[in-house]
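Colleague: Got a minute to walk me through some helix packing? I'd like to see how people talk about it.

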Amino acid sequence: MRSGFTSYLGREAIQTRKGTAAVMDFEKDLVLGRHFLIGTVEIPPYIIIKRDHNGTLLQVDGFVHQIVQFLAKKFQFTYEYVEPPNGITGSCVNKTCNGLIGMLIRGEIDMIATGLAMTLSRFHMIDYTFPFESDPITLLIPYPKKDSTLKSILKPFSTEVWILLVLSMVIYAYLMSWAGYLRARWFNRSYHGTTDNLESSREIARQPGKFADDIMFLLSVLVNRKFLSKYQKHLRPFYSGFTVIAGNHIPPGFGEAFRILVAVWCLIAVVISNSYNTSIKSFLTLPKYRPVIKSLNDLTENSKYSFAAKKHSSVWSNMIEAQTGPFAKIGELLRKHPENSLDILDDDKDYVIYQKKVLAQFQSSNLFVIQEDMKSSGKCRLYTAEKPFDELKISFGLPKNSHIENHFLSHELMWLKQSGILQYWKNSYWPRANRCSAPISTKPASNTERLTLNYLSGAFLLLCAGMLVSLASFAAELIRNYCRTKRSSTSK
């Protein structure tokens with residue numbers, strides 16, 4: 001019983017295969033010996049057209065052309081390429097189509113063979129074969145600009161860190177200057193027991209350049225250099241008995257408040273300078289690039305660059321037909337600026353480099369343009385945005401309800417894809433990776449991340465604490481000096 005059932009299934013499978021073979025033979029008979037008018041437009045690398053100086057078509061090549069040529073040899077049919085008068089693939093609005101789509105509907109051509117993208121509006125008007133390729137849509141933009149190394153000097157710290165650092169230096173310089181001046185003026189007791197030392201401290205504290213000297217002192221501590229300013233020059237005769245902090249001589253007549261300020265600053269300088277030195281090397285040696293456009297959201301009414309696409313192409317149609325989202329915003333911009341809907345796309349690099357437009361095309365087409373421009377100019381002038389914003393399927397186009405022809409052609413396309421022949425042709429025509437098309441990381445690596453206030457907040461809090469302790473110490477010195485003066489006057 002089981003063997004009988006198995007033999008029955010075997011007979012059915014053989015009959016099915018025979019039936020399928022008969023259908024395939026019938027479909028082959030429909031194309032054998034025929035002459036086809038194939039509509040096409042130049043969309044590299046799918047279709048590459050060479051012309052003479054008068055614009056007459058001389059030669060057709062490309063990825064899709066290899067498929068057509070293979071099928072023609074296999075099934076012994078002839079063909080002729082036909083271009084639309086306006087050079088566009090075509091779009092459909094209110095069931096009215098133009099370009100190659102319109103020619104196919106009117107029966108002027110038998111099929112469409114180019115980089116034909118599958119869209120909903122076209123699907124209602126024509127039939128698509130099996131999609132033999134999938135191609136992302138990206139933006140063709142100017143090559144990203146390299147950040148200046150002059151700016152890299154400021155990159156290790158964020159803006160708020162630099163502002164706080166400068167403010168801290170100014171405040172500390174003022175506090176140090178006033179701490180020395182007020183103590184030299186109000187305290188009449190010499191810490192060395194001689195009037196000469198006291199008068200020398202007063203004279204130094206009242207110098208007009210004292211604030212500038214304090215700024216230089218604080219800056220010298222930050223950059224880890226010896227302090228060679230008027231400060232040491234004038235105090236050199238009085239170094240005996242002076243306190244040394246970070247290699248700098250602090251006169252005892254300036255008091256504990258002054259010493260606390262300097263000690264805290266020296267401690268913070270270690271943190272600040274080491275953090276800066278760790279990051280600056282990476283920012284100076286590793287190039288950073290600023291992309292012109294990152295995404296569709298950057299293309300607004302007031303942006304420097306404007307969105308452009310070939311009129312009646314699949315990308316243009318998707319933008320115009322969109323009702324919501326980023327595509328709808330771009331479609332509104334295209335309606336406001338009809339000059340960005342390009343009738344002819346004859347020089348991609350001119351639009352991008354000189355007219356400041358970003359072109360939305362197949363990623364393969366953008367890479368092809370970048371490769372050709374690099375060969376002609378020897379420089380990297382064009383780049384494709386790394387993140388695609390859409391992806392479309394590529395197929396052949398046939399008249400509506402061409403079921404038999406569609407089945408036959410789709411079967412052959414599937415066989416070419418599964419056998420690896422399509423991949424072989426793709427490798428032959430797809431642009432190869434080069435230094436201009438290689439992805440550029442526009443985000444700094446983790447080891448070159450800018451140090452924000454979150455990383456250095458503890459250092460600045462310690463500075464504030466040092467100022468408060470210094471003020472408290474200064475107040476204590478004032479009270480102690482007042483008590484000493486009062487006791488001295490009472491004993492007299």
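**Helix packing chat**

Modeller: Sure. In this predicted model, helix α2 (residues 63-75) packs with helix α15 (residues 403-419) at an angle of about 110°, and their axes are 12 Å apart.

Colleague: Why give an angle and a distance?

Modeller: Two packed helices are described by the angle between their axes and the distance between the axes.

Colleague: OK, so what does that make α2 and α15 relative to each other?

Modeller: Angles of 65 to 115 degrees count as roughly perpendicular, so α2 and α15 are roughly perpendicular to each other. The crossing of α2 past α15 is right-handed.

Colleague: Which residues meet there?

Modeller: From α2 you have Ile 67, Phe 70, Leu 71, Lys 74 and Phe 75. On the α15 side they meet Phe 408, Leu 409, Glu 412, Leu 413, Trp 415 and Leu 416. By class, that contact has nine nonpolar, no polar and two charged residues.

Colleague: New topic: how do α15 and α16 cross?

Modeller: At roughly 75°, with the axes of α15 and helix α16 (residues 421-429) coming within 4 Å. Leu 413, Trp 415, Leu 416, Lys 417 and Ser 419 of α15 touch Ile 421, Leu 422 and Trp 425 of α16.

Colleague: And which residues of α16 are buried?

Modeller: Leu 422, Trp 425, Lys 426 and Tyr 429. They cover an arc of only 105° around the axis, so they sit on the same side of α16.

Colleague: What do those buried residues pack against?

Modeller: The buried residues of α16 pack against β2 (48-51), β3 (57-61), α2, β9 (133-142) and α15.

How values were computed
Residues numbered from 1 in each chain as written. Predicted model: local features only at pLDDT ≥ 70, side-chain atom pairs only at ≥ 80, totals over all residues. Heavy atoms only, no water. Axes fitted to C-alpha atoms, helices over the stretch in contact; angles between N-to-C directions. Helix = DSSP H or I, 4+ residues; strand = E, 2+ residues; numbered from the N terminus. Parallel < 35°, antiparallel > 145°, perpendicular 65-115°, else oblique. Left-handed = near helix turned anticlockwise from the far one by under 90°. Contact = heavy atoms within 4.5 Å. Nonpolar A, V, L, I, M, F, W, Y, C, P; charged D, E, K, R; others polar. Buried < 20%, exposed > 50% of the residue type's maximum accessible area, 1.4 Å probe, protein only. Arc of directions from axis to C-beta.
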